[in-house]
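Me: Could you walk me through how the labels on this model are earned? I would like each term set against its cut-off.

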Amino acid sequence: MPHSQHSYTKPGETLFGFLMVVLSVFLFWQAYSIAGFESLSSPGAFPLAATALMVITACIACVQNLRLPSEVQGHFFKEILPPVVAVMIAVILLFAVVLDTLGFIPTALAFLFLTIKFLHRGGVIRTTLLSLMVLVLIYVVFRLVFKVVLPEGIVPEREILAYLSDLFNTGAQ
């Protein structure tokens with residue numbers, strides 16, 4: 001009997017193994033296209049060796065999974081994609097889609113509020129305050145300290161920052 005950590009395959013395990021074989025073969029092909037295999041010191045030698053090892057181990061794992069009996073059917077979504085994970089994936093995708101249109105501030109605020117409310121299940125006031133505090137912290141660190149340009153969207157950030165800058169500069173004179 002092949003060495004395995006368990007005596008049956010879990011839902012999705014065989015499909016994942018097959019996808020790993022396909023990915024490993026693709027990466028092996030990409031590594032070969034770097035420079036082929038001219039010598040042990042060629043630029044493609046290490047990537048080729050690493051991806052060859054990936055192909056071999058993925059094939060071994062896939063064959064072992066095919067030899068094992070399957071676990072009771074019907075538990076794929078319970079074990080692989082629970083509702084909490086599915087909701088979070090959907091919220092993240094929605095965040096990515098809406099970010100350019102609405103801009104960083106309203107999108108991030110809505111994202112933070114929804115995820116904190118969904119995961120923590122606290123009160124609306126507490127969730128709102130926590131979302132605002134985290135958003136201000138993120139904005140200060142990334143926009144003001146690191147000067148990362150964030151999507152502006154519907155909030156005129158440049159005008160607000162210019163007004164605040166003028167306000168503080170005229171008050172300091």
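Me: Where does Arg121 lie, and what makes that place a loop?

Reply: Arg121 lies in the loop between helix 5 and helix 6. Helices here are DSSP runs of H or I with at least four residues, strands are runs of E with at least two, and both are numbered from the N terminus. Helix 5 covers residues 104-120 and helix 6 covers residues 124-145. This is a predicted model, in which local features need pLDDT of at least 70 and side-chain atom pairs count only at pLDDT 80 or more, while totals for chains, interfaces and linings use all residues. Residues are numbered from 1 along each chain as its sequence is written, and side-chain values use heavy atoms, with hydrogens and water left out.

Me: Why is Arg121 called exposed?

Reply: Its relative accessible area is 62%. Exposed means over 50%, buried means under 20%, and partly exposed is in between (1.4 Å probe, protein chains only). Arg121 is therefore exposed.

Me: What is notable about the phi of Arg121?

Reply: Phi of Arg121 is near 60°, a positive value in a residue other than glycine. Most residues other than glycine have a negative phi. Lys147 also has a positive phi, of about 60°, although it is not a glycine. Lys147 is found in the loop between helix 6 and helix 7, and its 60% relative accessibility makes it count as exposed.

Me: How do you know that Ser131 is buried?

Reply: Ser131 has 0% relative accessibility, so it counts as buried. It lies in helix 6 and touches Leu109, Leu112, Phe113 and Ile116, not counting residues up to four places away in sequence. Contact means heavy atoms within 4.5 Å.

Me: Which backbone atoms does the side chain of Ser131 reach, and what makes these pairs polar contacts?

Reply: The side chain of Ser131 reaches the backbone oxygen of Thr127 at 2.7 Å and the backbone nitrogen of Phe113 at 3.3 Å. A polar contact is a pair of N or O atoms within 3.5 Å; within protein, one must be able to donate a hydrogen and the other to accept it, and residues adjacent in sequence count only if both atoms are side-chain atoms. Both distances fit within that limit.

Me: What does Ile116 contact, and is it buried or exposed?

Reply: Ile116 is buried, with a relative accessible area of 16%. Leaving aside neighbours within four places in sequence, Ile116 is in contact with Arg121, Thr127, Leu130 and Ser131.

Me: Why are Cys59 and Cys62 not called a disulfide?

Reply: A disulfide is a pair of cysteine sulfur atoms within 2.5 Å. The sulfur of Cys59 is 7.2 Å from the closest cysteine sulfur, in Cys62, so it is too far for a bond. The structure holds 0 disulfides. Cys59 counts as partly exposed because its relative accessibility is 33%, whereas Cys62, at 11%, counts as buried.

Me: What makes Glu157 and Arg143 a salt bridge?

Reply: A salt bridge is a side-chain nitrogen of Lys or Arg within 4 Å of a carboxyl oxygen of Asp or Glu. The closest N and O atoms of Glu157 and Arg143 are 4.0 Å apart, and the pair forms a salt bridge. Glu157 lies in helix 7 and Arg143 in helix 6, so the pair ties together parts that are 14 residues apart in sequence. Both Glu157 and Arg143 are buried.

Me: How many salt bridges does a search of the whole structure find?

Reply: The search finds 2 salt bridges. One of them joins the side chains of Arg158 and Glu152 at 2.8 Å, N to O. Arg158 is exposed, as its relative accessible area is 56%.

Me: Which residues form the nonpolar patch on the surface?

Reply: Val136, Val140, Phe142, Leu144, Val145, Phe146 and Val148 form the patch, with about 600 Å² of accessible area together. Patches are made of residues with over 30% relative accessible area and no salt bridge: like charges are joined within 9 Å, and nonpolar side chains (Val, Leu, Ile, Met, Phe, Trp, Tyr) within 5 Å. Areas come from the Shrake-Rupley method with a 1.4 Å probe, and for residues only the protein chains shown count as cover. Phe146 has 56% relative accessibility, so it counts as exposed.
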